[in-house]
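Welcome! Take a moment to look over the sequence and the model, and then let us walk through them together.

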Amino acid sequence: MTNVLVVESIKADAQAVWDILGDFAGVEVGGPITAVEVTGEGVGAVRSITMGGALIVERLEAYDPDNLSFTYAIINDDCPLPLSNYSATVQLTADGDGCTVNWEGSFEPKGKPEEDVKELVHGIYTGAIAGARKATEG
């Protein structure tokens, strides 16, 4: 398995950041994302993200709002991303100036070099964190 870990600070209240990153249904349409649909609620909910003609299907595996943490997995074998057996956990921790986001994923690269897939996943994480930072930092 390959692992990617992104740790970044956001100068905003941890709960405000959680309200954005912890919202499994909160993925916004825009950029490469053309549609998002969520079926179900809580653990077991399924999120379908359409990017062009491709579909990424994710399931919420664990959700702990008291500890600001959730885990999700990609569950469709025909996922257009060059990886398989993907699972990730997002954990927020309050600190003196705001909060720290730890986003860690594990997967098996598929069809592309490991470093290229790691770079892709790293970009997804940093992009999502940047969006939360923009929405919450004054």
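## Overall layout

Following the protein chain from its start, you meet the pattern β-α-β-β-β-β-β-β-α. That makes 2 helices and 7 strands. Please keep in mind that this is a predicted model.

How compact is the protein chain? Its radius of gyration is 15 Å, close to the 14 Å that the globule rule gives for 138 residues, so the chain is as compact as a globular protein of that length. The C-alpha trace spans about 45 × 35 × 25 Å along its principal axes. Of the contacts with a separation of 6 or more, 49% join residues 24 or more positions apart.

## The nonpolar core

In soluble globular proteins, nonpolar side chains tend to be buried together. Here, the largest nonpolar core has 34 residues, and V17, Y72, Y86, W103 and Y125 touch the most other members. At least two residues of this core come from each of β1 (2–10), α1 (14–21), β4 (54–64), β5 (69–74), β6 (83–95), β7 (98–109) and α2 (114–136).

Y72 is a good residue to find in the viewer. Leaving aside residues up to four places away in sequence, Y72 touches a list of residues that includes Y86, W103 and Y125. Among its other contacts are F24, L60 and V90, as well as R47, E58, R59 and E61.

## Surface and charge

Buried residues make up 36% of the 138 residues in the protein chain. The accessible surface comes to about 7300 Å², and carbon and sulfur atoms account for 49% of that surface.

As for charge, the chain carries 8 positive and 22 negative side chains. The centres of these two sets lie 6 Å apart.

Methods: Residues are numbered from 1 along each chain as its sequence is written. This is a predicted model: local features need pLDDT of at least 70, side-chain atom pairs count only at pLDDT 80 or more; totals for chains, interfaces and linings use all residues. Side-chain values use heavy atoms; hydrogens and water are left out. Helices (H or I, at least four residues) and strands (E, at least two) are DSSP runs, numbered from the N terminus. The radius of gyration is taken over C-alpha atoms; the globule rule is 2.2 Å times the number of residues to the power 0.38. Buried means under 20% relative accessible area, exposed over 50%, partly exposed in between (1.4 Å probe, protein chains only). Contact means heavy atoms within 4.5 Å. Accessible areas come from the Shrake-Rupley method with a 1.4 Å probe; for residues, only the protein chains shown count as cover. Lys and Arg count as positive and Asp and Glu as negative; His and the chain ends are not counted. The place of a charge is taken as NZ of Lys, CZ of Arg, CG of Asp or CD of Glu. A nonpolar core is a set of buried Ala, Val, Leu, Ile, Met, Phe, Trp, Tyr and Cys residues joined through side-chain atoms within 4.5 Å.
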